Amino acid sequence: MPANPVHPRARDYASSFLPGVIPHEAELTAGVRIEPGKRYGFFTDTTLCIGCKACEVACKEWNLLPADDLKLRGHSYDNTGDLGALTWRHVHFIEHMDNAQGARVTEMAPFQSNWLMMSDVCKHCSPAPCLEACPTGALFRTEFDTVVVQQDVCNGCAYCQPACPFGVVEVALEDGKARKCTLCYDRLKGGLEPACAKSCPTDSIQFGELSDLHRRARRRVTALDELVVTAGYLYGVPDAPDKTAVHGEGLRELNAFFLLTAPPETYNLPRAPSRPANRTGPGLAAGLGMMAALATAAFGLFAAGKNGRG
């Protein structure tokens with residue numbers, strides 16, 4: 001007989017009807033106990049995603065987000081389009097195309113698919129450009145090392161929108177407040193696994209401590225290489241390959257990182273996302289230099305005019 005896969009603590013809750021929330025429930029569902037002061041995030045393995053959109057539905061249900069303008073886009077089976085103020089999880093449907101002919105691929109390798117699926121989300125960057133750009137403190141880093149927007153503090157300035165290198169943060173037209181994924185901050189405080197990860201039927205979205213997720217992700221890449229199924233690599237992890245150098249412009253790592261099998265641009269991810277704060281110093285220096293040059297030119301013209309009159 002195989003070993004019982006049920007977590008030992010589950011035996012304490014045999015009944016389907018419980019009087020309240022199970023303490024440290026994430027220990028049962030994700031194998032991790034949530035504690036303040038530790039770093040948590042998502043590892044999204046795109047090779048396991050089946051495009052079911054259960055994560056999208058769970059996110060909207062838990063966060064009371066209304067439905068978007070649901071309709072087929074004419075170029076994909078995806079019906080939600082992209083991340084936004086009202087969509088904090090979005091599953092990309094990406095069809096392989098024949099680059100030479102610009103047409104659909106008609107043949108498929110054994111055990112492979114001509115579709116790439118990826119559940120996209122806020123990356124909870126470290127450091128977070130959106131947080132650095134916020135003038136009111138509406139964006140803050142939590143005790144779980146995630147980034148959250150406080151709508152009651154947000155003044156709708158939208159500085160966070162262009163600061164985000166992934167185009168995640170958006171100011172809602174309904175109330176003029178910035179909105180994005182909170183990595184289920186309220187659930188984490190209650191010891192619960194985030195709704196999207198808990199609802200994922202294939203474990204494509206995995207929640208846990210970042211250090212553990214990094215080890216798990218590297219083992220998965222090694223396993224794929226040994227199977228010779230596909231060439232996978234990690235996007236958003238320290239010491240990642242050059243093609244995913246997210247730390248090249250000041251982003252050390254992403255708390256929500258991905259295992260990909262195609263170039264980042266295929267998934268609408270920048271190859272080397274930049275951090276606007278890195279350009280502040282050079283921009284200020286260039287501005288001061290221009291002001292000094294204009295002042296020198298003006299002084300020269302003034303002196304020339306004065307000498308001409310003399």
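**Helix H2 and its surroundings**

I began with helix H2 (residues 54-63), where I listed the buried residues as Cys-55, Glu-56, Ala-58, Cys-59, Lys-60 and Asn-63. I note at the outset that the model is a predicted one, and I read every entry below with that in mind.

I then looked up what covers the buried residues of H2, and found that the cover includes E2, E5, H6 and strand E11 (205-209). Just after H2, I noted that Leu-64 takes a positive phi of about 55 degrees.

**Strands E5 and E2**

Since E5 is among the elements that cover the buried residues of H2, I turned to that strand next. Of the 7 residues of strand E5 (residues 115-121), 6 are buried, so the strand is largely enclosed by the rest of the structure.

Which way do strand E2 and E5 run with respect to each other, parallel or antiparallel? I found that strand E2 (residues 89-95) and E5 run antiparallel and are joined by 7 bridges. For one pairing in detail, I took His-90, whose bridge partner in E5 is Asp-120.

**Helix H6 and the salt bridge to Glu-25**

H6 is also included in what covers the buried residues of H2, and I followed this helix to a charged pair. The side chains of Lys-198 and Glu-25 meet in a salt bridge, at 2.7 Å from N to O. Because Lys-198 lies in helix H6 (residues 195-199) and Glu-25 in the segment before helix H1 (26-29), the pair ties together parts that are 173 residues apart in sequence. I checked the accessibility of both partners: Lys-198 is partly exposed, with a relative accessible area of 38%, whereas Glu-25 counts as buried at 14% relative accessibility.

**Other salt bridges**

How many salt bridges does the count come to? I recorded 15 salt bridges, and I looked more closely at some of them.

Glu-253 and Arg-39 meet through their side chains in a salt bridge of 3.0 Å, N to O. This pair links distant parts of the chain, with Glu-253 in strand E13 (residues 253-254) and Arg-39 in the loop between H1 and strand E1 (40-45), 214 residues apart. Glu-253 is buried, with a relative accessible area of 9%, while Arg-39 is partly exposed, with a relative accessible area of 31%. I also noted that Arg-39 and Glu-253 belong to a network of salt bridges that links them with Arg-141 and Asp-145.

I looked up one further pair, Arg-271 and Glu-265, whose side chains meet in a salt bridge at 2.8 Å, N to O. Here I found Arg-271 partly exposed, with a relative accessible area of 36%, and Glu-265 partly exposed as well, with a relative accessible area of 42%.

**Cysteines**

Having met Cys-55 and Cys-59 among the buried residues of H2, I searched for disulfides, and the structure holds 0 of them. Cys-130 is in no disulfide, and the nearest cysteine sulfur, that of Cys-122, is 6.2 Å away. At 8% relative accessibility, I entered Cys-130 as buried.

Why does Cys-200 form no bond with the closest cysteine, Cys-52? The sulfur of Cys-200 is 6.3 Å from the sulfur in Cys-52, which is too far for a bond; the cut-off I applied for a disulfide is a pair of cysteine sulfur atoms within 2.5 Å. Cys-200 likewise counts as buried, at 14% relative accessibility.

Technical notes: Residues are numbered from 1 along each chain as its sequence is written. This is a predicted model: local features need pLDDT of at least 70, side-chain atom pairs count only at pLDDT 80 or more; totals for chains, interfaces and linings use all residues. Side-chain values use heavy atoms; hydrogens and water are left out. A salt bridge is a side-chain nitrogen of Lys or Arg within 4 Å of a carboxyl oxygen of Asp or Glu. Helices (H or I, at least four residues) and strands (E, at least two) are DSSP runs, numbered from the N terminus. Buried means under 20% relative accessible area, exposed over 50%, partly exposed in between (1.4 Å probe, protein chains only). Two strands pair if DSSP finds at least two bridges between them. Contact means heavy atoms within 4.5 Å.
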